[in-house]
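Student: Could you take me through one part of this protein at close range? I would like to know how it sits in the rest of the structure.

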Amino acid sequence: MAKACDMDRQNQLNAAQREAVETLSGPVLILAGAGTGKTRVITHRMAELIRRGTPPERILSVTFTNKAAREMRERAVRLLGAGRKPHPHVSTFHSLCSHILRQEIWRLGYPAEFVILDRGDQESQARTALRDIRVAEEKLRPADLINIISRWKMVGVEPEAAAEAAQNPRDVLAATAYRRYQKNMKASASVDFDDLLLLTSRIFENFPEALSRWQARFDHVQIDEYQDTNGIQFDLVEALVRPHHNLCVVGDDDQSIYGWRGADLRHILGFAEAFPGTRVIRLQDNYRCTDQILQLANNLVRHNKSRHEKHLIPHKFASQSVRYLEFPDDIKEAEHVVREIQYLVNEQQVLPGDAAILFRTNEQPRVFETQLRKARLPYVVLGSMSFFDRREIRDLLAYLKVLWRPEDDISLLRIINVPARGIGATTTEKIMARAVLNRQKFWDASAEAAAAGAIPKKMADALVAFQQLLNRFRADCREHPQRLDEILSRLIEEIGYEAEIEKQYKEPPEQLMRMAVVEDLVKTLKDYCAQAAEPSLGGFLEEAALTGKDEQGDKDDKLAETGVKLMTLHSAKGLEFSRVYLVGMEEGLLPHKRSIDDMTTAAIDEERRLAYVGVTRAKDYLTITRAARRMKWGRTIFTQPSRFLNEMRAAHPTLETKDE
DNA sequence: CTGATTGACGTTTTT
DNA sequence: CGTCAATCAG
């Protein structure tokens, strides 16, 4: 909303922006500092390309999040006029690759109907892969394995290469598990998030005819948030633009915060070497922050060594726009911030939606939520624990997955006894043991086990009854793909899921909340059916897997605009707010303890960039806070002020300490 | 098989 | 402190 206003207000582009918009061919690197209008530039550039005769569908813009993609599409429509069709392609790397893989994955021996695993399914896969392996005394939790595999995949390491490179027992274990994991994934026609990129890159590498088909689809490619590009993403882009080099990347090396996910600063720092003839354009006019906020940001990021030199020029001047506050403990910190917002809302006609509370870790918002509820201020926690991570949603999605693909045993095992229907762990394990032994699917193994009298008659009957229920609903879904939401409602009713919620959760308010979540899923499915050209369970599940966090219901959308926003610094990337509260400015939190222990300057530099991102989200007022004491695992720990405070304060006397 | 209780264990960041 | 797995009595 704020962005739309900016756009109307300054209909003009400044000289650098105009240059960026009008440099249309060959490689272009736009170094766009925080708040310099890069999203605007990318959109205008698309419009300009179209105006000069490029067919819209031959332009591809890649964004970092689905939300950013949606926003950019909306902007493009506004700029080009709604009647204009078709529109340029705007998508994330993951959606793009998923789309490509639908058509090309058969080349790698996968069935075309692959499924994208969500985080929960991925964990079960990791758990299976880890079962019964032990290397020396080394142990690995599924979550750790997922992280290790992800890091390997992002730099293109195959299981065999991982095994060869393994140095210590931990790596050996991880490599063995990786091999199994990947084998199981292929066998069950599943891909994880990283596979979407990795497999697409493999196809481009090994099947020239496939690559040239995709190369021929796009004349111009633009990449946003280029500083967060990892090795695989670079390979993909490089392959796509190889024939013409019409590649425009936009980014800010000072805002690179995804190193832990394989993002490599060398891609933006060395872009001009990788693409000879690159035109470099710098956007340095900052229209977002006040001069004071900008000065803090500059003081801070100056301490990083490897970066493109930039001088952000402020265009907004105000006094008293930055503050630093210290509190005795984390509860007082939250109390004060919330009380202040409440005061501003009541007395100064500030909207709750103008304020954002930014923090480093996901355990921090808890205290703030309690206070916000107490103050009866509307708020949203964005990013973290999302709709699709909730237990109810995962259960019901597992049902839908089993309906979509009868052979999806992972999902089946999740729900076979949810709600409890007398098919317990002993029975399922017996059947699964058989299935693994005979390389069968669950239902085949179950039928054989029943025939052989290996399981009690009562169980066998329960199993058959459940299988018939699934078959009935499956047929229903196939026959009425327009009314999937009604079918889901009936399913929920028939399996008695609401009674299950009542049994699981004793408190009525909690029950209501959980049921509302279930309602939301039905509604999401309804919306999908209404909007999709050819609705199917598969289509819905793919959308759910890809867009997960962003695509919450309308109700949440509205709240996201009008409520106080709480989010991690990572999710705040690319956003801006009138008032920012950057909380928990302490050693151990920002920079995080893990990065301090890492003992490398690179790790601290990334934390510093994180702080930089936080500071530069603020348009008018920035409040930085710290708690001297904080509860962790039920214990009190004492904290030190973050080193970044000193770095910012160095040339900035207005940042004095005020005790409460 | 189910439900309740105990105990160990750990927490960066996310498409 | 909160989560999750393991354990035990119905």
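Tutor: Happily; here is a walk around helix H12 and the loop before it. This is a predicted model, in which local features need pLDDT of at least 70, side-chain atom pairs count only at pLDDT 80 or more, and totals for chains, interfaces and linings use all residues. Residues are numbered from 1 along each chain as its sequence is written, chains are lettered from A and ligands numbered from 1 in the order in which they are written, and side-chain values use heavy atoms, leaving out hydrogens and water.

Let's start with the helix itself, which spans residues 231–241. Helices (H or I, at least four residues) and strands (E, at least two) are DSSP runs, numbered from the N terminus. H12 is largely enclosed by the rest of the structure, because 8 of its 11 residues are buried. Buried means under 20% relative accessible area, exposed over 50%, and partly exposed in between (1.4 Å probe, protein chains only). The buried residues are Ile232, Gln233, Phe234, Leu236, Val237, Ala239, Leu240 and Val241.

At the N-terminal end of H12, Asn230 acts as a cap, with a side-chain oxygen 3.3 Å from the backbone nitrogen of Ile232.

Now step back to the loop between strand E6 (220–223) and H12, where you will find Asp224. Asp224 counts as buried because its relative accessibility is 8%. Its side chain makes a polar contact with the side chain of Lys38, at 3.1 Å. A polar contact is a pair of N or O atoms within 3.5 Å; within protein, one must be able to donate a hydrogen and the other to accept it, and residues adjacent in sequence count only if both atoms are side-chain atoms.
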